[in-house]
Amino acid sequence: MNKKLGLTALGASLALTLSACGGEGAGSTNDTENAAPEDLTIGVSMPTETSERWIADGANVEDQLEGAGYQVELLYAGDDIPTQSQQIDQMIAQGVDALIVAAIDGTALSAQLQNAADQDIPVISYDRLIRETENVDFYVSFDNFKVGVAQGTALLTGLGITDEEGNPTGATGPFNVELFAGSLDDNNAGFFFDGAMSVLQPYIDNGTLVVKSGQTSIEQAATLRWSQETAQRRMEDLLTSSYNDGSVVNGVLSPYDGISRGIITALQNAGYGPTQDAQPKPMPVITGQDAEIASVKLIADNVQDSTVFKDTRLLAEQAVAAATAYLEGEEPEANDTETYDNGVKVVPSYLLPIETVYQDDIQSVLIDSGYYTAEEVAAGQTD
């Protein structure tokens, strides 16, 4: 996917740029309400290009902003917090008129956002809530607690404890499960885990689900930077420490497809699978999120059980709508003004719906909507 990286070459001269241009951002000098879109620039800061999901997000935001006539500066930070901070400083120094930021660490950008506020540059927090600052104007995301509920429900459904509507089937297990969470510096990780546990905890309490490792807190289950490799190592450690008595894992709560793939690799190396139907050690029921193409193929091949689809095209659309509203001197539409407290204020938000995708849903949800082609699903990679 094409991405503008026009500011990258300026990194070496960042200090000179900041000293020469500090205080000259467009927000402090330009009347954006009366400017044509082609005369305005929107800075877009994305966390990493190592995740297929964030590549798609960046491309979708860029395409839709350019379609609306704006100039765009899109930068990826390589999952490095100082790099993202410097890139945002660059954008402000060069006079962007608005910022769309998907933060690596939601607490690490206070100085940059104070600078943006001083120059009247609106800041839209993209999918990951920016915390501990009053200088975030709007938040666009999905209903992240419901994402966790959907993942917990999918795990129960895959194990046969409930049907897809969440109704108990009478199965009592016990089923051995392990829990994975996202990165603790991402505000969404807590919503995902809490949502999932709201569904799973009653079954843990009554013994239907057994977490053999005993690792049931988010701190124990967390996966720094959502890393596939970190998840694989933790799953390997869990298998060694808790399943060396001949018992097997029946299910794994995973909050993200990359983490799921790490879990799957560890399980395959330990003799599970290759599919959920394989004997004598079938692949456990494994959840996911983001409908990454490699994991969609795994679902099609009956390896991974499910994923939660969040349509990044719609998320980009809301980010563009919010930026446009601010640049036109208006307030963007919010559909949640209560949930997302960033530690300093409740940030007005627009939350989008999510869909759980099982094997039978790939065609109707992902292919028929044009998100992927059948050929991409079959190959496990996008063109």
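Which residue follows α4, and what is its phi? Keep that one in your head for a minute, and I'll come back to it.

Okay, hi everyone. One thing up front: this is a predicted model. The protein has 14 helices and 12 strands. Its radius of gyration is 22 Å, close to the 21 Å that the globule rule gives for 383 residues, so the protein is as compact as a globular protein of that length. Along the principal axes, the C-alpha trace spans about 70 × 40 × 40 Å. Of those 383 residues, 55% count as buried. And if you take contacts between residues at least 6 apart in sequence, 73% of them join residues at least 24 apart.

Now, back to α4. This helix covers residues 81-93. At 1.5 Å a residue, its 13 residues should span 18 Å, and the end C-alpha atoms are indeed 18 Å apart, so the two agree. Quite a few residues in α4 are buried, including Gln84, Ile88, Met91 and Ile92. Serine 85 sits in this helix too, and it counts as buried because its relative accessibility is 11%, with the cut-off at under 20%. What does serine 85 touch, beyond its neighbours within four places in sequence? The answer is Ala108, Leu109 and Gln112. Aspartate 89 is another α4 residue, and at 18% relative accessibility it also counts as buried. And the residue I asked about? After α4 comes glycine 95, with a positive phi near 95°.

While we're on phi: most residues other than glycine have a negative phi, and most peptide bonds are trans. So here are some exceptions to look for. Aspartate 127 isn't a glycine, yet it has a positive phi of about 65°. You'll find aspartate 127 in the loop between β4 and β5, and with 2% relative accessibility it counts as buried. Aspartate 290 has a positive phi as well, about 100°. That residue lies in the loop between β9 and α11, and it is buried, at 10% relative accessible area.

Then the cis peptide bonds. One runs from glycine 173 to proline 174, with omega near 5°, and proline 174 is in the loop between α6 and β6. Another joins glycine 273 and proline 274, with omega about 20°; proline 274 lies in the loop between α10 and β9.

Those loops bring us to a sheet. It's an open one with four strands in the order β7-β6-β8-β9, paired in parallel. The edge strands are β7 and β9, each pairing on one side only. Helix α6, residues 144-159, packs on this sheet and touches β6, β7, β8 and β9, and its direction makes about 175° with that of β8. If you zoom in on β8 and β9, they pair over two bridges, and glycine 251 stands opposite valine 285 in β9.

Last stop, the inside. In soluble globular proteins, nonpolar side chains tend to be buried together. Here, the largest nonpolar core has 55 residues, and Ile100, Tyr126 and Met235 have the most contacts inside it. Helix α12 gives the most to this core, with eight residues. Apart from it there's another core, of 21 residues, and Leu155 and Phe175 are among them. For a nice residue to click on, try tyrosine 126: among the residues it touches are Met46, Trp54, Ile100 and Leu315.

That's me done, thanks!

Technical notes
Residues numbered from 1 in each chain as written. Predicted model: local features only at pLDDT ≥ 70, side-chain atom pairs only at ≥ 80, totals over all residues. Heavy atoms only, no water. Pairing = 2+ DSSP bridges. Contact = heavy atoms within 4.5 Å. Axes fitted to C-alpha atoms, helices over the stretch in contact; angles between N-to-C directions. Buried < 20%, exposed > 50% of the residue type's maximum accessible area, 1.4 Å probe, protein only. Core = buried A, V, L, I, M, F, W, Y, C linked by side-chain atoms within 4.5 Å. Expected span 1.5 Å × (residues − 1). Rg over C-alpha atoms; globule rule 2.2 N^0.38 Å.
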